[in-house]
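User: I'd like to learn how to read a contact between two chains. Could you walk me through one?

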Amino acid sequence: MPLFLIARIAGQGVVFDADQVDAVVDIGEVVDVPRVDLSIRGLAALRSRVVTVVDTRLALGLEPVADHVRRAVITRQDGHYYAMLVDELDDIETFETSPMPHTPPAHGRWGRAADGIVVRDGEPLLILNLARLVPQGSALVC
Amino acid sequence: MDDLLQEFIAETRETLDALSGEIVAWEADPADRGRLDAIFRFVHTVKGSCGFLDLPRLSRLSHAAEDALAAVRDGGRVPDTALVNGVLAIVDRIGAVVEAIAAGVPLDNSDDEALIAALSQVEMPIAAPSPRRVMTAARAAPRSIRLNVDLLDRMMSGMSDMVLARNELARRLRDDVLDPRVEAALDRLSLTVADMRDTVTRTRMQKVDALFAALPRMVRDTAAELGKAVNLRIEGSDVDLDREMIEMMRDPLVHIIRNAIDHGIESPAERRRCGKPPTGQICVTARQSGNQILIEIEDDGAGIDVGRIAAKAVASDLHSAGQVAAMSAADRLNLVFAPGLSSRDTVSTLSGRGVGMDVVRANIEHVGGRIALDNRPGRGLAITIQVPLTLSIMSTIVVAVGRQRFALARQSIEEIVRVRGDQVRIDPVGPVQIATVRGRRLPMLPLGTFLRMGDDAPTTLVIVATRDGDYALGVDDVLDTEEVVVKPAAPAVMATGLYAGQTLPDSGLPMLLLDGGGLAQAAGLRFDRGADVAATAEVQRATPALLFDDLDGSRRAIPLGAIDRVEKVAPGAIHRSGGQLRLIVGETTMPLHAVSHEALASAAGDATIEVLRLTDGEAECAYAMAGAIEIIPLPADVAPADGGGAILGVTVWEGQAIEIIDPLALFMATTPAQSEGAAPLCLLDGAGAEWMDRFLRPALEAHGYRCALRLPDGEAADVRLVMDDDASTTTLVSAPVVRLRRDRDGPADPDSIYRYDRSALIAALAGHARRGGR
């Protein structure tokens, strides 16, 4: 059974595939990246590495994560490290996965980032695919 | 070429070693597609490299095997035992030949043909199955090892991490009072780390020769195919370049040279018609400039037909005719970089392979390089590629905007100026801002405003050079220079086009590396290369002029084109003779103008005065002034001055009336229209007088002297010229004497002047005449 990291974003319980998660950290000072995709909060140093900090809530089309939130899940995508801000981190557990039931169009972004659900103590948790939360390099109109 | 051959041998050995297992497996199961493909790839690679390295024997062998295997892959042949044996025999022979090349010994080739023939036979046992692994000589000890680039990369990134760890350690340690022993150890560590970093960087370096070695052959073949005669010259093969960079440059370079032969160099007949030598020249040069490598590919062909490119752009709906018509010449030339455009109407077998100049440019820019064209229609094309020496370490300057810091590649920076005093002005011109730096107008980009980080007026301008032109980047401060390890930023960050990468400097806070060209593009700055003037018609048309404070306290302007330079002179250099002022400059004198002699006299009481040196290309004169202010565009409406003279007219600049000086009038006054009585009189005396009269008089008169062989009645000579060895001189004249000698280095009177040394003579005369005039 696959291993999942349980987290909470904007009140919604979510899980990340443990294979996608490099580390769980509290990030330090974030340096702005002007004129970049809104969901990128900035850059932070993690040991001797630069990580791109992603406001996971904005990436999901929600209100931004509060400024003081420092907890993040580190994931590596295409050779780049990203720190995905989350409101809360819980446990690591194994779950049986099941496909997404039905996604109403209003939940567009959640739906696009989700790979299915798992159920923990009767509560359904969304499986978020971190690769799909990372903003892509499409050119922005500035 | 030797390096390439070594590389080929090493590579083939390596693949053969890896392949031996596949061969055995294939022998057991000839229908196994995966094994077949592996062997096919091997012979295919060998074939490719052989053509390149001119190894016809290996080429023939591998070609035959490839043909047979291709037939199997297409289903045309069944991999029967005969075929398998035949292929294996050839693979073994390739190995043997390679070893022979490595050891430098000959290998009998009499049965190559038998091996090849065996391949085409179906179901016929090979007469003499070749023994596996024919070893003709002891394997030569390798002189180098092959390393995976990944390994080098990991080494490099480990190295950067080490540098950063050291930096952090140093930072932590400095927080406390440092034990000298700890400090010494830290310094030693720093030194070792720095040294190590250089070494690791060098492991990634390769001679650019690796890039150039294949060119002669390619040029020969391409030229032969097209029926052209081309001579290739290569210079600077020993320049070092990052391996990865060499790989990235390979395709663009090959493409550019093919283009040069195919589109640039004309056929011999055509060249004769144009009056060029029938053999075309291509020159490829590499040189290092700071931490950049410049590769220049220059041909003497027809150049780019810009009109044709423009027409093509219109025909292929890339731009409208109006758009093209409105483009500057440079923009139109740059259309060659547009995707899908070729100046050729027919696609040739060589260049028309879907790789256009757009791909070339994209490849080069991908590694942080630049490509520039210098098109000389009818005479050739020079393409300059500029790439950073290495992809990883970069020398930068750190600029501050608001609370944030950014790095800028040092080689893209022309200069840094503070916005302060008269040197720098910033004017809004319509929607853009123009910075005027010492008379040079540049489009300005206030970084803080552009990055939406605040609207403070910039206090420092960084003049950034881009492919299209220079511009002034307004920042709050320039903090430091720093060598940084640059890594690519996340795709979404790179997609803004504003950043060239990210780095973690000593401060421990990530820092973005700005992309100077990208910023200009995103901000929509427009350049007019060469003119350095923004795209405002009014500014473009105006004549630049220097605004200065004149000696009488008023402000005047003079067209910039007439000014050679501005310099400070000592009052002693000003010499008055007969109502005319002359300025002594080095060994000569030139007419000096001033608004009035009184103003000059009072100004010259001070330590030094400033003069404008004017030139019309031939004559020179000077104009004394109090000080230069700035360079202004001369307004179009000038009210003609009524007084005439040196004042061209009056115009208004920033609410002040300023007089414009007419340089023509100054030059007119310069030509000796001297009043006879006023010019200093030079007595040509003694036995050499005849010679002087013939040879020196014209020069002396041109410099404002009158010459006489005998003193006119009632006049005194201002200066007397005699030959050094002459005794028969008019001793009655009391004027100062300038002595001339016949020999250039004669041991005569050290004060004498060699008679043909005109400038020394004039200077000496001027000096004496001034003293005599007092």
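**Reading the interface**

Analyst: Sure. Keep in mind that this is a predicted model. The size of an interface is often given as the accessible area lost when the parts come together. Here, chain A and chain B bury about 2,100 Å² between them, with 67% of that on carbon and sulfur atoms.

User: Which three residues supply more of the area that chain A buries against chain B than any other three?

Analyst: Those are Pro34(A), Arg35(A) and Ser48(A), which together supply 30% of it.

User: How many residues does each chain bring to the contact?

Analyst: Chain A brings 25 residues and chain B brings 26.

User: What about salt bridges and polar contacts across the interface of chain A and chain B?

Analyst: The rule finds zero salt bridges there. For polar contacts, three residue pairs turn up, with both residues at pLDDT 80 or more.

User: Which strands of chain A supply at least two residues each to the side that touches chain B?

Analyst: Strands E4 (40-46), E5 (49-54) and E7 (80-85) of chain A each do that. E4(A) has the largest share, with four residues. By class, this side of chain A has 14 nonpolar, six polar and five charged residues.

User: Now a single residue: is Ala66(A) buried, partly exposed or exposed, and why?

Analyst: Ala66(A) counts as partly exposed because its relative accessibility is 32%, and that class lies between the 20% and 50% cut-offs.

User: And where in chain A is Ala66(A)?

Analyst: Look in the loop between helix H1 (56-59) and strand E6 (71-77). Leu85(A) is 19 residues away along the chain, and the two C-alpha atoms are separated by 9.8 Å.

How values were computed:
Residues numbered from 1 in each chain as written. Chains lettered and ligands numbered in written order. Predicted model: local features only at pLDDT ≥ 70, side-chain atom pairs only at ≥ 80, totals over all residues. Heavy atoms only, no water. Buried < 20%, exposed > 50% of the residue type's maximum accessible area, 1.4 Å probe, protein only. Contact = heavy atoms within 4.5 Å. Buried area = accessible area lost by both parts, 1.4 Å probe. Salt bridge = Lys/Arg side-chain N within 4 Å of Asp/Glu carboxyl O. Polar contact = N/O pair within 3.5 Å; in protein donor to acceptor, adjacent residues only side chain to side chain. Nonpolar A, V, L, I, M, F, W, Y, C, P; charged D, E, K, R; others polar.
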